[in-house]
Amino acid sequence: MLRIEDQWRKDDSRRRELMRQADVVVLCLPDDAARQAVELAPDGRFLDASTAHRVAADWVYGLPELEAEQRQRIRDARRVSNPGCYPTGFILAVRPLIESGMLLPTTPLKVNAVSGYSGGGKSLIAKYRACDSEAMRVRPYGLALRHKHVPEMHRHSLTDLAPVFVPTVGHFHQGMLVQVPLSVRELCGGDAARVREVLSERYADEAFVHVREYPVPEEALDAGFLSATERNGSNDLDLMVFGHDDQVLLVARYDNLGKGASGAAVQNLNLMLGLPEATGVHLSREPALEAS
């Protein structure tokens with residue numbers, strides 16, 4: 001690992017020199033700063049954790065489970081953009097249904113999601129840690145419906161229409177639920193059981209994506225509630241299907257700091273360096289809800 005001396009942190013020449021020496025440069029910067037860093041060393045190899053390049057044509061989207069060829073694209077790439085936390089669950093839940101023909105790409109999709117406050121950065125973390133007000137318990141945001149993750153959700157899920165996305169922050173540090181409600185009428189002859197079957201077939205060989213049984217047993221819930229934190233501390237992601245004869249609910253559950261951020265980055269870094277993909281990536285214990 002290369003480290004820049006404190007006195008040279010803002011020196012472009014020294015930064016450029018180190019970036020050219022690195023096998024892979026991992027960018028954990030605001031969008032504009034990430035773009036500027038790439039411009040400093042355009043011949044470098046980059047893994048960018050910002051939003052800056054997630055829909056850029058000349059960057060590979062760093063979601064290894066996206067499709068069969070994606071891992072090889074990441075291995076070969078000079079520039080990889082790490083996915084956003086919310087889009088990861090949405091894309092993994094929706095894309096297989098569109099690819100199978102069960103869900104038409106013209107279907108207007110809606111997404112409701114809740115994340116721990118760690119996803120909001122230093123200022124939001126400080127605010128939640130300093131306040132235990134009832135008003136801070138659950139707070140929807142992005143109410144102008146222009147959240148910065150929407151373009152990547154739109155592009156990489158294969159939908160023709162950008163989804164209506166309503167994110168919420170909860171008074172817990174980390175953990176995430178991403179929920180996509182559907183009418184059975186939108187499923188081209190499918191139902192909840194068939195949705196689960198399509199997802200199970202698609203992710204049967206994936207180490208980090210777990211498609212849970214349908215119907216979801218009561219013992220997997222907490223008095224009818226679904227925990228957002230069951231996968232915390234791991235790179236695991238659960239896909240669950242709920243519903244009845246007329247309606248279906250897709251749910252992705254994972255750690256917004258794991259599979260939604262650093263865990264995914266480690267996966268990508270391993271692939272880019274030619275290492276086994278799971279190197280240094282923590283897998284949690286299996287939760288009470290077992291795959292079948």
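In what order do the four strands of the open sheet stand? The order is 1-2-4-3, and the pairing is parallel. This is a predicted model, in which local features need pLDDT of at least 70, side-chain atom pairs count only at pLDDT 80 or more, and totals for chains, interfaces and linings use all residues. Residues are numbered from 1 along each chain as its sequence is written, and side-chain values use heavy atoms, with hydrogens and water left out.

**The open sheet**

- Helices (H or I, at least four residues) and strands (E, at least two) are DSSP runs, numbered from the N terminus.
- Two strands pair if DSSP finds at least two bridges between them.
- Strand 1 (25-27) and strand 3 (60-61) stand at the edges of the open sheet. Each has a single partner strand, so one side of each is left without a neighbour in the sheet.
- Strand 3 pairs with strand 4 (residues 79-81) in the parallel sense, over two bridges.
- V60 has V80 in strand 4 as its bridge partner.

**Helix 6**

- Helix 6 spans residues 150-157. Its residues V150, E152, M153, H156 and S157 are buried, meaning under 20% relative accessible area (exposed is over 50%, partly exposed in between; 1.4 Å probe, protein chains only).
- Seen down the helix axis, these buried residues fall within an arc of 165°, so they line one face of helix 6. The arc is that of the directions from the helix axis to the C-beta atoms.
- The cover over the buried residues of helix 6 includes strand 3, helix 4 (85-100), strand 5 (110-116) and strand 7 (164-170). Contact here means heavy atoms within 4.5 Å.
- Just after helix 6, L158 takes a positive phi of about 75°.

**Strands 9, 10 and 11**

- Six of the seven residues of strand 10 are buried, so this strand is largely enclosed by the rest of the structure.
- Strand 10 pairs with strand 9 in the parallel sense, over three bridges. H210 stands opposite D238 in strand 10.
- Strand 10 also pairs with strand 11 (residues 247-254), in the antiparallel sense and over seven bridges. M240 has V251 in strand 11 as its bridge partner.
- A hairpin of three residues joins strand 10 to strand 11.

**R212**

- R212 lies in the loop between strand 9 (209-211) and strand 10 (237-243).
- R212 is buried, with a relative accessible area of 0%.
- The side chain of R212 makes a polar contact with the side chain of D238 (3.0 Å). A polar contact is a pair of N or O atoms within 3.5 Å; within protein, one must be able to donate a hydrogen and the other to accept it, and residues adjacent in sequence count only if both atoms are side-chain atoms.
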